[in-house]
Amino acid sequence: MSPLISNDLWPTVYKVSRARGQLRVSVMTEDAANLAAATMKFEAHPNRSVLEIFPGPGQLTRAMYLAGAKNIVTVENGDTFQSSLKKLEEESEGKIKNYNINPLSDPFDDLLGPKTNAIPDLVPQEWENIQSNMLLVGTIPNSTLGEKCLLDLLTASNEKMGIFKYGRVEMFMFMFKDAAKRLIAPPGTPARNRVSVLAEAAAEMTQLMRPGATHFHLPYDYELVHIVPHKIPKLDVSIEVFDFCCRSLFTNKSNPLNKVIKLLGPGAEILLKRLSFDHSIKIKHMTLEQLNEVAVKFEQWPLRPTVLYDDMILHEHKKKR
């Protein structure tokens, strides 16, 4: 397979928006792409296909193909990248196929379902084992939309929706270093927020590589994170209830719980009496187990709000599943 264009031509040929909320970053160098593909160990899994979101021009796509991925389905709606992805399609003789749709529109049910059947030999597997025939790979935009995409995927893995109806699918995600820091931030650290807690509830995460900004277009310091959904659920409530509690409490993460619990609803202070830990703990110091306990008591509270506002794409489409 022929190489993509030389790195010095990327800024001219692959023009991307730097606008806030639309910042797109792509793996640019062959070295970084090959190193990332090597971490996915395709040689040990010859039947493993890939669903890749936000591939950009396809440098990582090409590397995964050369590393032995059985099939690669890319989901990319950027007009700038279509000609490059089309060339990869043609040279791969059908093993790479791009769908020109927005990865943020949650297209995976349609792509993988019987109508489109983008990965024909994909069948559901037991959750106890890692899905052996598919990986989910992506380069997440450095924006609030990118963070939302991660939240949607973590939510889907918790609820076994979308792509995770097929089993416990591993994810390899390139993301901006600050996003990765938030994703794995432990209790008590400044970076810990709602995303940190949801990520901890959903999966085990490992930082694999950080090649440096010069390996990306645009030149942002991205790193590769390996995300494996938990075999056993970490929550005793639905993700909708848990996320409502986290979203409410983390608006004031530097304040103690007893000062902000009222954000869960009028009269929520009564829940403090039912908790087994110190109520004066600051929100950013709370462990997953403590937040889970709050969510359980909130769910059991007869006077809790019955309408929980949910801004996640996957819940908007929940009825489809």
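Cys245 is buried, because its relative accessibility is 2%, and the cut-off for buried is under 20%. The model is predicted. Its neighbour in sequence, Cys246, is buried as well, with a relative accessible area of 1%.

Do these cysteines pair, or do they stay apart? The sulfur of Cys246 has its closest cysteine sulfur in Cys245, 6.9 Å away, which is too far for a bond. A disulfide needs two sulfur atoms within 2.5 Å. Cys245 is therefore in no disulfide: the nearest cysteine sulfur, that of Cys246, lies 6.9 Å off. A search of the whole structure gives zero disulfides.

Next comes the nonpolar interior. The largest nonpolar core has 74 residues. Within this core, Met175, Ile227, Phe242, Leu257 and Leu264 touch the most other members. Helix H9, residues 239-249, gives the largest share of the core, with seven residues. A separate core also exists, made of 31 residues. Val25, Met64, Phe81 and Met209 are among its members.

Leu264 is a good place to look at the packing. Which residues does Leu264 contact, leaving aside neighbours within four places in sequence? They are Phe244, Cys245, Ser248, Leu249, Leu271, Val294, Phe298, Trp301 and Pro305. Cys245 thus appears again, as one of the contacts of Leu264.

Ser248 is another residue on that list. Ser248 lies in helix H9. Is Ser248 buried or exposed? Ser248 counts as buried, because its relative accessibility is 12%. Not counting residues up to four places away in sequence, Ser248 touches Leu263 and Leu264.

Now turn to a pair of helices. Helix H2 covers residues 30-39, and helix H3 covers residues 59-67. They pack at an angle of about 50 degrees, with axes 8 Å apart. H2 and H3 are therefore oblique to each other, because the angle falls outside the roughly parallel range, under 35 degrees, and the roughly perpendicular range, 65 to 115. The crossing of H2 and H3 is right-handed.

Which residues make the contact? From H2 come Glu30, Ala33, Asn34, Ala36 and Ala37. From H3 come Gln59, Leu60, Arg62, Ala63, Met64 and Ala67. Met64 links this to the interior: Met64 of H3 takes part in the helix contact, and Met64 is also among the residues of the 31-residue core.

Terms used: Residues are numbered from 1 along each chain as its sequence is written. This is a predicted model: local features need pLDDT of at least 70, side-chain atom pairs count only at pLDDT 80 or more; totals for chains, interfaces and linings use all residues. Side-chain values use heavy atoms; hydrogens and water are left out. Buried means under 20% relative accessible area, exposed over 50%, partly exposed in between (1.4 Å probe, protein chains only). A nonpolar core is a set of buried Ala, Val, Leu, Ile, Met, Phe, Trp, Tyr and Cys residues joined through side-chain atoms within 4.5 Å. Helices (H or I, at least four residues) and strands (E, at least two) are DSSP runs, numbered from the N terminus. Contact means heavy atoms within 4.5 Å. Axes are lines fitted to C-alpha atoms, for helices over the stretch in contact, and angles run from 0 to 180 degrees between N-to-C directions. Angles under 35 degrees count as roughly parallel, over 145 as roughly antiparallel, 65 to 115 as roughly perpendicular and the rest as oblique. A crossing is left-handed if the near helix is turned anticlockwise from the far one by less than a right angle, and right-handed if clockwise.
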